[in-house]
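Student: Could you take me through one part of this structure closely? I would like to follow a single charged side chain and its surroundings.

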Amino acid sequence: MVIAELQSLLQKDLQQLFKMDYPELSILKQFLPKKSYSVNEDEEDEKYPFVVVRLDEGNDDEDESFVKVDFVIGYKSREEEQNYESLLSILEKIRQHYQSNRFLEHFEMDKKLSWRMQDKEDYYPYFYGYISTVWNIPSVIEGDELI
């Protein structure tokens, strides 16, 4: 359950990080909740803004084990904003937080972090950003029991 523990720790860490500046920000694990096919568009948009802590892939070998964790950020502009700067603010806060705090309990983030913005313009008023990180996890030692 090491990988699930890391995902839960990241979720809690981000909830703590954003509770003052973005109390409306939902921090979710793996996927967004299923869409409700409501006639009311406001109900559909209740999930925004959000950050999804998504486990992508991992690797185990003799020397090291790691898991790739992506952060998917979604933001819906309000009429008075009409821009993507709030999304960038969330992305930047996550980027700076994990670049300056690479340890989370017994997990260590690799120094290399990448990020990108959505690649299409036709999502307006929705904006998306993505951060990819790699976390070192304890290696499985031959003869260890499953946890």
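Tutor: Happy to, and please keep in mind that this is a predicted model. Let's begin with a residue for comparison: Arg 102 is partly exposed because its relative accessibility is 23%, and buried would need under 20%. Arg 102 has a salt-bridge partner, Glu 108, with N and O 3.6 Å apart. Glu 108 is itself partly exposed, at 27% relative accessibility.

Now for the side chain I'd like you to look at, Asp 13. Asp 13 sits in helix H1, which runs over residues 2–18. The 17 residues of H1 should span 24 Å at 1.5 Å a residue, and the end C-alpha atoms, 25 Å apart, agree with that. Several residues of H1 are buried, among them Leu 9, Leu 10, Asp 13, Leu 14 and Leu 17.

So what does a buried Asp 13 have for a charged partner? Asp 13 has no salt bridge: the nearest side chain of opposite charge belongs to Lys 19, 11 Å away, and a salt bridge needs N and O within 4 Å. What Asp 13 does have is a polar contact of 2.8 Å with the side chain of His 97. Beyond its neighbours within four places in sequence, Asp 13 also touches Tyr 98 and Leu 104, along with His 97.

Elsewhere, the count of salt bridges comes to four. One of them joins Glu 92 and Arg 95, with the closest N and O atoms 2.7 Å apart. These two lie three residues apart in helix H3, so about one helical turn separates them.

Terms used: Residues are numbered from 1 along each chain as its sequence is written. This is a predicted model: local features need pLDDT of at least 70, side-chain atom pairs count only at pLDDT 80 or more; totals for chains, interfaces and linings use all residues. Side-chain values use heavy atoms; hydrogens and water are left out. Helices (H or I, at least four residues) and strands (E, at least two) are DSSP runs, numbered from the N terminus. Buried means under 20% relative accessible area, exposed over 50%, partly exposed in between (1.4 Å probe, protein chains only). Lys and Arg count as positive and Asp and Glu as negative; His and the chain ends are not counted. A polar contact is a pair of N or O atoms within 3.5 Å; within protein, one must be able to donate a hydrogen and the other to accept it, and residues adjacent in sequence count only if both atoms are side-chain atoms. Contact means heavy atoms within 4.5 Å. The expected span of a helix is 1.5 Å times one less than its number of residues.
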